[in-house]
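The following paragraphs guide a new reader through the structure displayed below. Please keep the sequence and the model in view while reading.

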Amino acid sequence: MPPADPSSAPSVAPESLEQVIEFSDNRLLIELCGEYDRNLAQIEQLLSVQINRRGNLLAILGEARVRAAAILEGLYARLEQGKEVEPGDIDAAVRMDGSTSGTGVRDGDQIEMFKGGTLEIGTRKKTVEPRTQAQQDYVRALYGNELAFGIGPAGTGKTYIAVAVAVNQMMSGHVDKIILSRPAVEAGERLGFLPGDMKDKVDPYMQPLYDALNDFLPGKQLAKLIEEKTIEIAPLAFMRGRTLSNAYVVLDEAQNATSMQMKMFLTRLGQGSRMVITGDRTQVDLPRGVTSGLSDAERILKDVPGISFNYFTAKDVVRHHMVAKIIQAYDKDGPVG
């Protein structure tokens, strides 16, 4: 009987091959899989793979099986470090490319690299981890430049990360105070007369900044720091005439600053300070015909050494997954208004 021709043997489709990984701690494996295996289901959906559990083994089928295995191993290592695995962490792991390039941080900065290449920003209440490559690059820029711009749509973490870094820098003694500011511009509505003193009138515009700070500092400590003016939250108009030294300064919603206001704010930067400007060019609420100071600053300062510009897209949205789809749909439809 003649030997079989190897070329006539049936071929095995690559997608039918398994990638098998073993985990030594069953307790951590249960956490990795999640309640009713919801974490595995999320990875299956995001990467179009199939994951089967066999005791302490996970068998992965599909073209992205190697990538899925690497993500599962990274999440397991996270659990070994005593951290939790939440849906956002899984989404981040899928988005990240594992880059571990230099961070440009200074000695004493409470920021570190961990398995998978992500960064950690330590605050009093929680550790903040950039969840996309653009966010990683943004964090590096915030630590590496005295003046940084974060530009992109809502929900991409521009302000949240900037405030986290501000708290981190104050905790580590690099700055003495935090100053957070926003233009007090109505977002398309006419709110009319607001009762109360000046603080009562402007606080609704500043609320997103209070929300971010509440995530990073205990309530009593935050109240004391605000009372002592170690942390200031004020409308952009209140910055005129000041020199902001040894401070971490964040201007949020900068697309609603006029060109004159932007120049005024940028020239407040004093010795030992850091400044971050965040904004979304698609959500300008200035009167028709008034040029956004964010667009002007981007054009004028783009080639100035020591100033960084980081950009975000709908792919960097870390809110509900529908937010990214909404932004993409509006971008496809064209400018609003």
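**A guided reading of the model**

Asn246 is placed in the loop between β9 and β10 (247–251). This model is a predicted one, and the loop residue offers a convenient point of entry. The phi angle of Asn246 is near 50°, a positive value in a residue other than glycine. Most residues other than glycine have a negative phi. Asn246 counts as partly exposed, because its relative accessibility is 35%, and partly exposed residues fall between the limits of 20% and 50%.

A second residue may be read in the same manner. Lys229 belongs to the loop between α8 (219–227) and β9 (231–235). Its phi is near 65°, again a positive value in a residue other than glycine. Lys229 has a relative accessibility of 54% and therefore counts as exposed, the limit for that class being over 50%.

Both loops adjoin β9, and this strand leads to the sheet. The sheet is open, has 6 strands and follows the order β9-β8-β10-β11-β7-β12, with parallel pairing. Its edges are formed by β9 and β12 (307–311); each has a single partner strand, so one side of each remains without a neighbour in the sheet. On average, neighbouring strands of this sheet are turned by 15° against each other, direction ignored.

Within the sheet, the pairing of β7 with β11 can be followed residue by residue. Strand β7 (residues 147–151) runs parallel to strand β11 (residues 274–279), and 5 bridges join the two. In this pairing, Ala148 of β7 has Val276 of β11 opposite. Helices also pack on the sheet. Helix α9 (residues 259–266) touches β7, β8, β10 and β11, and its direction makes about 155° with that of β11. Helix α6 (residues 158–171) lies across β7, β8 (177–182), β9, β10 and β11, and runs at about 170° to β10.

What surrounds Glu298? This residue is found in helix α10 (residues 293–301). Leaving aside residues up to four places away in sequence, Glu298 touches Ile151, Arg281, Phe309 and Tyr311. The side chains of Glu298 and Arg281 are joined by a polar contact of 2.9 Å. Glu298 counts as buried because its relative accessible area is 13%, which is under the limit of 20%.

Attention may now turn to earlier parts of the chain. Helix α1 (residues 26–33) packs against helix α2 (residues 38–47) at an angle of about 50°, and their axes are 5 Å apart. This angle makes α1 oblique to α2, because it falls neither under 35 degrees nor within the range of 65 to 115. On the side of α1 the contact is made by Glu31, Leu32 and Cys33, and on the side of α2 by Arg38, Asn39 and Leu40. By character, the residues of this contact divide into 3 nonpolar, 1 polar and 2 charged.

The last element to consider is a hairpin. Strand β2 (residues 50–54) and strand β3 (residues 57–61) run antiparallel and are joined by 5 bridges. Asn52 stands opposite Ala59 in β3. The hairpin of β2 and β3 has 2 residues between the strands, and in it Gly55 takes a positive phi near 65°.

How values were computed: Residues are numbered from 1 along each chain as its sequence is written. This is a predicted model: local features need pLDDT of at least 70, side-chain atom pairs count only at pLDDT 80 or more; totals for chains, interfaces and linings use all residues. Side-chain values use heavy atoms; hydrogens and water are left out. Two strands pair if DSSP finds at least two bridges between them. Helices (H or I, at least four residues) and strands (E, at least two) are DSSP runs, numbered from the N terminus. Buried means under 20% relative accessible area, exposed over 50%, partly exposed in between (1.4 Å probe, protein chains only). A polar contact is a pair of N or O atoms within 3.5 Å; within protein, one must be able to donate a hydrogen and the other to accept it, and residues adjacent in sequence count only if both atoms are side-chain atoms. Contact means heavy atoms within 4.5 Å. Axes are lines fitted to C-alpha atoms, for helices over the stretch in contact, and angles run from 0 to 180 degrees between N-to-C directions. Angles under 35 degrees count as roughly parallel, over 145 as roughly antiparallel, 65 to 115 as roughly perpendicular and the rest as oblique. Ala, Val, Leu, Ile, Met, Phe, Trp, Tyr, Cys and Pro count as nonpolar, Asp, Glu, Lys and Arg as charged, and the others, Gly among them, as polar.
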